[in-house]
Amino acid sequence: MKSFLIALAFLTTTFSQAQDYAKHVNPFIGTGGHGHTFPGVTVPYGMVQLSPDTRIDGSWDGCGGYHYSDNLIYGFSHTHLNGTGVSDYGDIMLMPTVGINTLDSKLYSSKFQHKNEKASAGFYSVHLDKYNIDVRLTTSTRVGFHEYTFNDECQPHIMLDLDHRDKLIGKDYKIINDTTIEIFRQSEAWARNQQIWCRIEFNQPMFFEYYNNSMQNGFIIHPRKGKVKKGEKILVKVSLSPTSYEGAKINSSEIKHWDFEKVKKEAETLWNKELSKIEVTSNDKDKLAIFYTALYHTMMQPNIAQDLDGKYRGRDNQIHQAEGFDYYTVFSLWDTFRAAHPLYTLIDKKRTSDYINTFIKQYEQGGRLPVWELASNETDCMIGYHSVSVIADAMAKGITGFDYEKAFEASKASAMRDVLGLEAYKKNGFISMDDEHESVSKTLEYAYDDWCIAQMAQLLKKQEDYQYFMNRSQNWKNIFDWETGFMRPKKNGGWDKPFDPREVNNNFTEGNSWQYSFFVPQDISGMIEAYGGPEKFEAKLDEMFNSESKTTGREQVDVTGLIGQYAHGNEPSHHMAYLYNYVGKPEKTAAKVNYILNEFYKNTPDGLIGNEDCGQMSAWYVLSSMGIYSVTPGMEKWESNEPLFDSIKIKDENGKNLVDYKKQVVNGKTTNRIFLLGEKLKEQLIQKRSATMSQFDYSQNISENINYNKIIPVPVIQAESKAFKDKLKIELKSQNPKDVIYFMINDKDDYLAKKLFVPFTKPFEIQETSTIEAYVKTNEEQSNTISATFFKKPNNYSINIKSKYNPQYHAGGPEGLLDGILGTENWRKGDWQGYQSQDFEAVVDLQEIKSITEISARFLQDQRSWIVMPTKVDYYISDDNVNFTYFGSVNNTLDPKIEENTILNFTSNETKGKKARYVKVIAKNFGKLPEWHQGFGGDAFIFIDEITIK
């Protein structure tokens, strides 16, 4: 890639690679609050992340294994995740102790004090108060190095606990000799089948005593000579492999000696080499610490996942040989496509191509590109297929080293699947609540990903594919409500009601409508136009940033760092401050970005406003503090802003200068900004922007230089409800009143049975269960055809619910329990009513006395989401709604530990029949969640969908 700096002032100075950048790194940043980072040792993109574990319960703030508020260390394990929202890893845990003879973590753990704890790039140390032991840690890429200093003459025992943190599902070991043991560990957590081999070597002869009871598995290791002298050190090397014992043995050759200081120095050298790619200067030591720690955090993953001989475990769980590239793991793509991967395209082109080669191999071995891959497992966490963003961005910037055609094939295949709402998305041009949960977010993110695929197709001269995916990239228009100015969920052809843009619910991914209504990075000019032009778009951004910093609906721990409804603690908001640049208001971008840089990033353990998410939070800081940001990865264009630092130098991995910048002030004003961009856009953007961008033409959109067809948004089919008793009024609307809507009713009417579409002129009524089909037609084009089905209720019953349902899970209100519409196992689509911390009780009025032979109620279980079957359901009947008699009870038969989403009918029969007008249903709540549940101590939900009375 050819990159250029365009600035009003330009200064070149000598660059010294001998500088100590690592000294600025503070690994404790993010270990407090909700940052979820860890303070232990790793080298850039290393296989080993050797760090203390202060959390073994997998709690939210224990995802990285450590939290700064803790004062108890359980041990030091060799794999950790950097700032994720789900817990995993913690493999091969060692803990030095004195006189402990059991693998009970409550007994072998030790208190520690932060004043006796140190961490830097490639080094960690701590004093274990309980045992008077000093622990020092360092590492190479694949080998963790421990040094234990025993400050008293004692008889040490080193715990090797295999049943640590995630669930142990398989194990094996080989005692090679009295200094070496090999271990295999298979575990289940976020990654359902994680396999790791290791070779553990000691610097003196040891006894390896296998320990196993009903609760613990592992080894108690102690010196053959028994006691150690005061001040004596035991050194341990642990080499990891994802493939085999042989791989671990090969990898152990990275450290062939016992010189701890040498390994520590080599780790620091590796960090300085990587951190030297960006040199910033400032008189503020905290700013330097925040910057270089942020850069450090972006380089902690993805992690090398192949042995020294190139062998790796693929997505098919088979061993493969990497040829011509390095194989990696830990791809938090929903997070990192936004800023971390664009940063890598600047400073690490080789690894960028390695990542993409890894993606291609995972496609070949597993049938699709990774979504959130971890240890050769696809977790399917988060949404979209954002591998395509990484690929398109690399191709747009001319990065080579991977097969463009194969990458496109893999991208297209991932987009053409019929899972996670994609089938409805392809057919209708959007995802409805009826199709899939998180429908708004998935529609928007699929549309951006499709634009990325279109850019690949254009580069490869695949015009038909380009037009197809550009068409799909406009699907955001089908969920944009032009009347309210929000991206909104649709249900049964119309807008879901009630609607609160602040509400965090299952229609959005970790957010609300405010936090998703500006996610159209692929068509910003089209989005501005949809909002009514630059002034109205600017006003909408202002409204978001100035709103009350409070969300409604579900409590979402990810939504933090609020400025109005902007949430910097979670990724969907990360590009929004830069959108002011597109309406000629760079001063507003500058103000917002400067506030975020200074208020949400601190040189303290709680210095991250949200969880790190594998480098994304930090990548935002790195780029924004340098005055650049990629609003649209896949486009060879960077947004500019005022840099935070006095001077900035950026080099790629080959030492090539990309940026050399020094701030200059003229007449009290900073006159220069950084533009980093490809040569083909240089002249274009110089012409389009002034130095302050006050004359920026918002309509400029790079993709519009190439012709493609604009879609017509689908119509909206509006009605009061999905089910009705007698008749229902239907109204059709389109975004452009001048367009003609054509519709058809599939019911018993003769003329409509001929499948004729007729123009819509005014609202109409239906009196039978009917399906409405409709599309919008202009002079030249027409929209997708959408449909909505409205159900006439099978009865005229009414219901009085005595309990109070959670407003997040209302199923359309009380009548939703009697409408004859049955929900599916995917309860997030909104068809179930949820009741927490209480029994469910309701009375159904049959309107007249009837003979009753059967009463049934449907319930759902998804124990991972705290939804558990009721313990039993009791039925009662009455003539007067005052005096009730017993009809029958049904006890639960489903094991609450079953993880699969399951629906059960609790049915009570009476063969002779009993006469009554009123039916009472009481479902007993499971109560507090038991100790085996991840939500131990929390209150279970009851989810009910339909009550049927025969």
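How do the residues of the lining of the second largest cavity divide into nonpolar, polar and charged? Let's take that one straight away, and then walk through the other cavities, a pocket, two sheets and one threonine. Please keep in mind that this is a predicted model.

## The second largest cavity

The lining divides into 9 nonpolar, 2 polar and 3 charged residues. The space they enclose has a volume of about 130 Å³. In total, 14 residues line the second largest cavity, and those nearest its centre are Val371, Gly384, Tyr385, Arg417 and Leu420.

## The largest cavity

A search of the whole structure turns up 9 cavities of 30 Å³ or more. The largest cavity comes to about 240 Å³. Its lining is made of 17 residues, with Tyr89, Pro242, Ala305, Thr329 and Ala375 closest to the centre.

Where does this lining come from? Strand 14 (194-202), strand 17 (232-241) and strand 19 (303-304) each contribute at least two residues to the lining of the largest cavity. Strand 14 gives the largest share, 3 residues. Sorted by class, the lining of the largest cavity holds 8 nonpolar, 8 polar and 1 charged residues. As background for all such searches, rolling a probe the size of a water molecule over the atoms shows where empty space is left.

## The second largest pocket

Moving from cavities to pockets, the second largest pocket holds about 590 Å³ of space. It is lined by 26 residues, and Lys491, Glu720, Ser721, Lys722 and Gly812 are the closest to its centre.

Strand 29 (494-495) and strand 41 (716-718) each supply at least two residues of this pocket's lining. By class, the lining of the second largest pocket splits into 8 nonpolar, 8 polar and 10 charged residues.

## A sheet of three strands

Now for the sheets. Strands of a sheet pair through backbone hydrogen bonds, either parallel or antiparallel. In one open sheet, 3 strands follow the order 18-36-37, and their pairing is antiparallel. Strand 18 (278-281) and strand 37 (657-662) are at the edges with a single partner strand each, so one side of each has no neighbour in the sheet. On average, neighbouring strands of this sheet are turned by 5° against each other, direction ignored.

Strand 36 (residues 647-651) and strand 37 run antiparallel and are joined by 5 bridges. Within this part of the sheet, lysine 649 stands opposite aspartate 660 in strand 37.

## A sheet of five strands

Another open sheet has 5 strands in the order 42-48-47-44-45, and here the pairing is mixed. Its edges are strand 42 (723-724) and strand 45 (758-759), each with a single partner strand, so one side of each is left without a neighbour in the sheet.

At one end of the order, 2 bridges connect strand 44 (residues 740-746) with strand 45, and these two run antiparallel. Tyrosine 742 sits opposite proline 759 in strand 45.

## Threonine 902

Is threonine 902 buried or exposed? This residue belongs to strand 54 (residues 902-923). Threonine 902 has a relative accessible area of 18%. Buried means under 20% relative accessible area, so threonine 902 counts as buried.

What does its side chain reach at 2.9 Å? The partner is the backbone oxygen of glutamate 900.

How values were computed
Residues numbered from 1 in each chain as written. Predicted model: local features only at pLDDT ≥ 70, side-chain atom pairs only at ≥ 80, totals over all residues. Heavy atoms only, no water. Pairing = 2+ DSSP bridges. Helix = DSSP H or I, 4+ residues; strand = E, 2+ residues; numbered from the N terminus. Axes fitted to C-alpha atoms, helices over the stretch in contact; angles between N-to-C directions. 1 Å grid on protein atoms, 1.4 Å probe; cavity = no way out; pocket = protein on both sides within 12 Å on 5 of 7 lines; lining within 4 Å. Points joined across faces, edges and corners; volume = space filled by probe spheres on them. Nonpolar A, V, L, I, M, F, W, Y, C, P; charged D, E, K, R; others polar. Buried < 20%, exposed > 50% of the residue type's maximum accessible area, 1.4 Å probe, protein only. Polar contact = N/O pair within 3.5 Å; in protein donor to acceptor, adjacent residues only side chain to side chain.
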